[in-house]
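Reader: I should like a close look at one part of this model, the strand hairpin and whatever packs against it. Please then follow the connections outward into the rest of the fold.

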Amino acid sequence: MDNHGRGPDPRPEGGADAPLESVENPGPRPLPYEGVWRFTAPAVDASVPQARHAVRDLLFRQGVPVSDDLIQGLLLIVSELVTNAVRHAALLSPVLAVEVAVGAEWVRVAVEDNHPYRPTALEADHDETNGRGLLLVREITREAGGVCDVEHTAGGGKVIWAALPLKPVRVL
């Protein structure tokens, strides 16, 4: 999560072994809305709408060219991921982190907590009112032409992220 929002790929290029950009050739100049923003919040219910509003306000303030459908999908993803961290990780992770990374062609949202359990998308019973959060995140991401994943952090926790293209994808 350290590529500072540049490039067409939501994953950092080359990882830790990638060569640094030279001073003589600093690489492509970022667009005005490109960057990475990170904030923390307590793992409590009130953080769900606060995170959603913070992400929405950030995207608008930075002038990120997001369609209404894309912003709605991103905000639903943020709500689901923060809700999952609050419900399932708060005991071992009283603080969670939300990161927004914007590149020239994509936007990525991620939620990180310190709980070591790696969640799986479960099929919930039809009568259940919850339990479908990760399935919903995967479906929204897939329909938008994006990618999502769960990764372990160096500190033993996890980060769940979804990256969506800024330009609409034609589904055939």
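Author: Cys148 stands opposite Ala162 in S5, and the bridge partner of Val150 in S5 is Ile160. The model is a predicted one, in which local features need pLDDT of at least 70 and side-chain atom pairs count only at pLDDT 80 or more, while totals for chains, interfaces and linings use all residues. Residues are numbered from 1 along each chain as its sequence is written, and side-chain values use heavy atoms, with hydrogens and water left out.

Strands S4 and S5 pair in the antiparallel sense over 6 bridges (pairing requires at least two DSSP bridges between the strands; strands are DSSP E runs of at least two residues, helices H or I runs of at least four, numbered from the N terminus). The two strands form a hairpin with 5 residues between them. In that turn, Gly156 has a positive phi of about 95°.

The hairpin belongs to an open sheet of 5 strands, in the order S1-S2-S3-S5-S4 with antiparallel pairing. S4 and strand S1 (35-42) stand at the edges with a single partner strand each, so one side of each is left without a neighbour in the sheet. From one strand to the next, the twist averages 15° (axes are lines fitted to C-alpha atoms, for helices over the stretch in contact, and angles between N-to-C directions run from 0 to 180 degrees).

Helix H3 lies across S4 and S5, running at about 30° to S5. Elsewhere on the sheet, helix H1 (residues 47-62) lies across S1, strand S2 (95-102) and strand S3 (106-113), at about 160° to S1.

Within H3 (residues 133-143), the buried residues are Gly133, Leu134, Val137, Ile140 and Thr141 (buried means under 20% relative accessible area, exposed over 50%, and partly exposed in between, with a 1.4 Å probe and protein chains only). Seen down the axis of H3, these residues fall within an arc of 125°, so they line one face of the helix (the arc is taken over directions from the helix axis to the C-beta atoms). Their cover includes helix H2 (68-89), strand S4 (147-152) and strand S5 (158-165).

The face of H3 turned away from the buried side carries the exposed residues Arg142 and Glu143. Arg142, with a relative accessible area of 52%, forms a salt bridge with Glu139, their closest N and O atoms being 2.6 Å apart (a salt bridge is a side-chain nitrogen of Lys or Arg within 4 Å of a carboxyl oxygen of Asp or Glu). Glu139 is partly exposed, at 32% relative accessibility. These two residues are 3 apart in H3 and are therefore separated by about one helical turn. After H3 comes Gly145, whose phi is positive, near 85°.

Ile77 ties several of these parts together. Leaving aside neighbours within four places in sequence, Ile77 is in contact with Val109, Val137, Ile140, Thr141, Ala162 and Leu164 (contact means heavy atoms within 4.5 Å). Ile77 also appears, with Val55, Leu59, Val82, Leu96, Val100 and Val107, among the residues that touch the most other members of the largest nonpolar core, which has 35 residues (such a core is a set of buried Ala, Val, Leu, Ile, Met, Phe, Trp, Tyr and Cys residues joined through side-chain atoms within 4.5 Å). H1, H2, S2, S3, H3 and S5 each give two or more residues to this core, and H2 supplies the largest share, 10 residues.

The salt bridges lead on to the other part of the sheet. They number 6 by the rule above. Glu99 forms one with Arg38, with the closest N and O atoms 3.5 Å apart; this pair joins distant parts of the chain, Glu99 in S2 and Arg38 in S1 being 61 residues apart. Glu99 also meets Arg108 in a salt bridge, at 3.9 Å from N to O. Glu99 is buried at 6% relative accessible area, and Arg108 is buried at 3%, whereas Arg38 is partly exposed at 43%. Together with Glu112, these residues, Arg38, Glu99 and Arg108, are linked in a network of salt bridges.
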